[in-house]
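The following account leads the reader through one molecular structure, taking its strands, a helix, several individual residues and its cysteines in turn. The sequence and the model are shown first.

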Amino acid sequence: MEAEVVVVRLKEGPCPEGATCISIGWVELRKNVVVPDGDYLVVMSPVVADVVNLAELKKRFKCIICVGPSTAERVGGCVVPREFTSFGIARLLKEMAPGRVVVLRSSAGNEVLRSLMPEVIEVPVYDIYIDEGKLKEATRLIESAKAVVLTSSTVAEAVARRADLGGKVVVAIGRVTSEKLKELGVRHIVAEESTIKNAVWTSLNALRRGAK
């Protein structure tokens with residue numbers, strides 16, 4: 001059965017109704033991660049909870065900030081920005097009292113936070129890898145799909161390198177992914193909310209409107 005909407009993401013996770021999801025990579029956790037002291041601790045992925053002792057880290061920071069709902073659900077007791085992206089994190093931090101910011105993220109994280117907040121301290125706690133076999137399978141699914149949801153800038157670059165996205169409704173999960181697609185010259189729209197569920201809704205809505 002052909003998929004109408006294909007969601008391409010790095011790792012496995014829940015798949016919204018109305019879509020076919022495929023992961024094209026995997027995550028490797030780093031060992032002996034050292035987290036410096038600071039005022040604000042920013043957690044960019046639920047994966048971080050598998051690497052560091054967040055319960056202990058919460059005692060060392062006056063505020064924990066999570067990039068989005070899925071991360072907040074895993075971490076607990078954190079503040080979530082209105083926009084679930086690095087741009088949203090930067091805006092939230094600028095609204096708060098001055099302080100030292102430490103960010104826990106993947107080694108392949110984008111440059112957005114550093115460009116907007118040069119003093120931020122980024123600590124890579126896991127590495128991500130693309131599985132060429134899974135990417136090939138994703139390319140096959142995309143060929144027959146009407147819409148494609150791309151869930152990160154890393155995924156967007158990998159998919160655009162291999163798949164023909166012409167004639168598809170391409171949805172970027174957020175502004176960071178959108179910036180990468182612009183750089184790659186891929187026509188796309190951006191989900192109103194940076195979640196997979198909303199991105200799927202955006203793609204289905206676009207298909208109903210006859211978007212090309």
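A residue is called buried when its relative accessible area is under 20%, exposed when that value is over 50%, and partly exposed in between. By this cut-off C63 counts as buried, because its relative accessibility is 11%. The structure discussed here is a predicted model, and the terms just given are used throughout.

C63 offers a convenient way into the strands, since C63 in β5 is the bridge partner of Y40. Y40 belongs to β4, which pairs with strand β5 (residues 63-66) in the parallel sense over four bridges. Strand β4 also pairs with strand β6 (residues 101-106), again in the parallel sense and over four bridges. In β6, the residue opposite Y40 is V101. Y40 thus has a bridge partner in β5 and stands opposite a residue of β6.

In a regular strand, side chains alternate between the two faces of the sheet. What, then, covers β4: are its two faces buried or exposed? Both faces are covered, with Y40 and V42 buried on one side and L41 and V43 buried on the other.

The chain passes from β4 (40-43) to α1 (54-58) through a loop, and V52 is located in that loop. V52 has a relative accessible area of 12%, and therefore counts as buried. Beyond its neighbours within four places in sequence, V52 is in contact with V33, V35, L57, L104 and V125. The C-alpha atom of V52 is separated by 8.9 Å from that of V34, a residue 18 positions away along the chain.

A second group of strands forms an open sheet. Five strands make up this sheet in the order β2-β1-β8-β9-β10, and their pairing is parallel. Strands β2 and β10 (189-190) stand at the edges; each has a single partner strand, so one side of each lacks a neighbour in the sheet. At the β10 edge, two bridges join that strand to strand β9 (residues 169-172), and the two run parallel. One bridge is that of V171, whose partner in β10 is I189.

Helix α7 (residues 175-184) contains S178. S178 is buried, because its relative accessibility is 4%. Apart from neighbours within four places in sequence, S178 is in contact with A172, H188 and V190.

Helix α5 (residues 132-144) shows how a helix can be buried on one side. The helix has 13 residues and reaches 19 Å from its first C-alpha to its last, close to the 18 Å expected at 1.5 Å a residue. Which residues of α5 are buried? They are L135, A138, T139, L141 and I142. These residues cover an arc of only 165° around the axis, so they lie on the same side of α5. The face turned away from this buried side carries the exposed residues K136 and E143. The buried residues of α5 pack against several elements: β1 (5-9), β2 (20-23), β7 (121-130), β8 (147-150) and α6 (153-162). At the N-terminal end of α5, D131 acts as a cap, with a side-chain oxygen 2.8 Å from the backbone nitrogen of G133.

The cysteines complete the picture. How many disulfides does a search of the whole structure find? The search finds two, and with bonded cysteines counted along the chain, their pattern is 1-2, 3-4.

One disulfide joins C15 to C21, with an S to S distance of 2.1 Å. This link is right-handed, with 85° about the S-S bond. C15 is partly exposed, because its relative accessible area is 36%.

The other disulfide is formed by C66 and C78, whose sulfur atoms are 2.2 Å apart. The torsion about this S-S bond is about -115°, so the disulfide is left-handed. The pair links distant parts of the chain, 12 residues apart: C66 is in strand β5, whereas C78 is in the loop between α2 (69-75) and α3 (86-95). C66 has a relative accessible area of 0% and is therefore buried.

Why does C63 not form a bond with the closest cysteine sulfur? The closest cysteine sulfur, in C78, is 8.6 Å from the sulfur of C63, which is too far for a bond.

Notes
Residues are numbered from 1 along each chain as its sequence is written. This is a predicted model: local features need pLDDT of at least 70, side-chain atom pairs count only at pLDDT 80 or more; totals for chains, interfaces and linings use all residues. Side-chain values use heavy atoms; hydrogens and water are left out. Buried means under 20% relative accessible area, exposed over 50%, partly exposed in between (1.4 Å probe, protein chains only). Contact means heavy atoms within 4.5 Å. The expected span of a helix is 1.5 Å times one less than its number of residues. The arc is that of the directions from the helix axis to the C-beta atoms. A polar contact is a pair of N or O atoms within 3.5 Å; within protein, one must be able to donate a hydrogen and the other to accept it, and residues adjacent in sequence count only if both atoms are side-chain atoms. Two strands pair if DSSP finds at least two bridges between them. A disulfide is a pair of cysteine sulfur atoms within 2.5 Å.
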